[in-house]
Amino acid sequence: MGLDTKAKLDREKIIQYSERTKEPFWMKERRLHAFEQFEKLPLPKLEKTKIDNWELYPSLEYQEEERVNEVTQLPKEILSYLSDEGEILPTLFLQKNHQAVYSHLSDQLKELGVIFTDLQTAMISHSELIEKKFMTEAVSTGLNQLTALHGAAWDNGVFLYVPKNVEVKVPIQGLFWVDGKGSSMLPHILIIAEQGSSLIFVENVISTSEGKGVYNGVTEVFVGANAKVTFASVHHAPKDFIDITHRKAIVENDGHMEWIIGEMNNGNTVSENVTLLKGRGSSVNTQSVMIGTRNQRGNYTSKVIHIGTHTESSILSRGVMKEESTAILNGITEIKKGAQKANGEQTENILMLSDKSRGDANPILLIDEDDVKAGHAASVGQINASQLFYFMSRGIPKEEAERLIIRGFLAPVVSNIPIEGVKNRLEQVIERKLGR
């Protein structure tokens with residue numbers, strides 16, 4: 001950690017920010033503890049990815065942003081991420097740079113006891129719920145310098161709470177918008193789904209900033225017994241922007257977690273997605289896609305830890321590599337001692353569109369129990385020549401045939417995006433990244 005980093009973050013800045021935002025005393029103490037860890041801990045050691053020469057430390061100069069009274073006031077580019085078949089979603093949250101500028105929860109969900117607001121506000125009005133969960137059980141294990149930095153300097157984010165047996169059928173959306181030269185963002189998403197509840201949350205991260213910037217975000221999801229959570233995410237930032245994202249879920253008895261992740265950044269990216277199947281009969285389905293362009297570097301990890309008995313997991317990761325990009329797709333299935341009758345499957349596939357690009361698919365099984373099932377598959381290769389010939393023999397031009405093959409390759413993940421407008425937007429981003 002160089003002098004530049006220390007100039008951006010120090011103990012006094014943390015205290016000033018915590019007091020200015022009127023946080024509870026316990027949060028200030030938690031920030032300061034994270035800062036102490038930040039000064040001691042090393043950077044994470046990533047498989048075949050050297051990040052110590054990346055500009056990982058964000059600017060922490062907070063500025064006031066104007067509140068948005070009507071969503072329709074936003075730029076068209078932002079509005080395109082907030083609609084579902086042309087209709088603006090009734091329940092959504094918008095953070096611009098370091099500050100929440102818009103939040104709305106439908107009256108119907110309020111009556112059911114659902115809480116959806118920015119994390120700074122929730123810290124005051126729902127402190128007892130947040131204190132138990134915030135960077136404790138979910139993120140405290142495996143802490144490194146970057147997650148500790150987040151714990152010390154997180155700037156805002158979302159708190160979503162769904163009470164026992166409440167089913168939220170309409171997707172809830174959060175958009176994180178980085179805007180301005182050299183901007184950064186450190187948002188925290190905290191989701192609690194109580195026993196028997198269900199919800200769909202869609203996260204969009206976009207940047208309209210110029211120059212270099214850093215996103216350092218953490219998501220924590222707590223899935224109660226027999227609850228179901230679907231978390232869909234699309235990250236789309238420019239080439240000089242670094243994205244560091246850590247997501248973690250803990251799933252109790254018979255709970256189910258669904259991850260649908262679209263990593264569409266144009267800059268260097270580190271994405272870690274971890275699920276702990278803690279309860280008996282808990283399950284998770286993790287699906288992710290990424291596209292590498294130019295000289296972009298990326299490290300993407302999907303990990304499931306089986307702890308309870310009769311647990312099930314599925315990991316599907318697909319990547320497309322262009323030009324001189326490099327990416328590592330890590331799939332890790334870990335079955336702990338005592339996790340009997342666990343079943344873990346994973347598949348990593350990478351499609352190479354350039355001889356100068358490189359993609360590594362790393363399936364990893366860590367098994368410490370006998371009475372389990374586990375399997376993996378991985379492939380790295382170019383577009384199938386026979387598929388290409390099939391399309392071209394039916395009069396489809398080569399470029400169009402390649403496009404169709406790539407879309408079919410990514411479709412198992414893209415088609416599962418729960419909001420039609422977001423899915424369409426992701427498809428547009430994919431087309432743009434592929435140069436179509």
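Here are some notes on the sheet, two of its strands, a few helices and two single residues in this predicted model.

1. **The sheet as a whole.** A good place to start is the open sheet of 10 strands, whose pairing is mixed. Reading across, the order is β4-β3-β7-β10-β12-β14-β16-β18-β20-β22. The edges are formed by β4 (99–104) and β22 (373–382), each of which pairs on one side only. On average, neighbouring strands in this sheet are turned by 10° against each other, ignoring direction.

2. **The β22 edge.** If you follow the sheet to β22, you will find that β20 (residues 343–352) runs parallel to it, and that 10 bridges join the two. To see one of these bridges on screen, pick G344, whose partner in β22 is A374.

3. **Strand β3, beside the other edge.** Is β3 (residues 92–96) enclosed or open? 5 of its 5 residues are buried, so β3 is largely enclosed by the rest of the structure. In a regular strand, side chains alternate between the two faces of the sheet. Here both faces are covered: L92, L94 and K96 are buried on one side, and F93 and Q95 are buried on the other. Do take a look at K96 and Q95, as both belong to this buried set.

4. **The two partners of β3.** With β4, strand β3 pairs in the antiparallel sense over 5 bridges, and F93 has S103 of β4 as its bridge partner. The hairpin of β3 and β4 has 2 residues between the strands, and N97 takes a positive phi near 55° there. With β7, strand β3 pairs in the parallel sense, again over 5 bridges. In that pairing, K96 is matched with W177 of β7.

5. **Strand β14, further along the sheet.** Of the 8 residues in β14, 7 are buried, and the strand is mostly covered. It pairs in the parallel sense with β12 over 8 bridges, and also in the parallel sense with β16 over 8 bridges. Two bridges make handy landmarks: T230 is partnered with E258 of β14, and H256 with S283 of β16.

6. **A closer look at T230.** This residue lies in strand β12. Why does T230 count as buried? Its relative accessibility is 10%, and the cut-off for buried is under 20%. Not counting residues up to four places away in sequence, T230 touches L199, I200, F201, E258 and I260. E258 therefore appears twice for T230, as a contact and as its bridge partner.

7. **Two helices on the sheet.** Helix α10 (residues 398–414) packs on the sheet, where it touches β14 (256–263), β16 (283–292), β18 (312–321) and β20. Its direction makes about 150° with that of β18. Helix α11 (residues 420–433) lies across β7 (172–178), β10 (198–207), β12 (228–236) and β16, and runs at about 35° to β12.

8. **Helix α8, an enclosed helix.** All of this helix is worth a careful look: 9 of the 9 residues of α8 (residues 145–153) are buried, so the helix is largely enclosed by the rest of the structure. Among the buried residues are Q145, T147 and H150. What covers them includes α2 (11–20), α3 (25–40), β9 (187–193), β11 (213–223) and β13 (241–251). At the start of α8, a side-chain oxygen of N144 comes within 2.9 Å of the backbone nitrogen of L146.

9. **How α3 meets α8.** These two helices pack at an angle of about 150°, and their axes are 7 Å apart. That angle makes α3 roughly antiparallel to α8. The crossing is left-handed. On the α3 side the contact is made by R31, A34, F35, Q37 and F38, and on the α8 side by Q145, A148, L149, G151, A152 and A153.

10. **Finally, L119.** This residue is found in helix α6 (residues 119–125), and it counts as buried at 0% relative accessibility. Leaving aside neighbours within four places in sequence, L119 is in contact with I130, F134, W154, N156, G157, V158, F159 and H188. For a sense of scale, L119 and M352 lie 41 Å apart in space, C-alpha to C-alpha, and 233 residues apart in sequence.

Conventions
Residues numbered from 1 in each chain as written. Predicted model: local features only at pLDDT ≥ 70, side-chain atom pairs only at ≥ 80, totals over all residues. Heavy atoms only, no water. Helix = DSSP H or I, 4+ residues; strand = E, 2+ residues; numbered from the N terminus. Axes fitted to C-alpha atoms, helices over the stretch in contact; angles between N-to-C directions. Contact = heavy atoms within 4.5 Å. Buried < 20%, exposed > 50% of the residue type's maximum accessible area, 1.4 Å probe, protein only. Polar contact = N/O pair within 3.5 Å; in protein donor to acceptor, adjacent residues only side chain to side chain. Parallel < 35°, antiparallel > 145°, perpendicular 65-115°, else oblique. Left-handed = near helix turned anticlockwise from the far one by under 90°.
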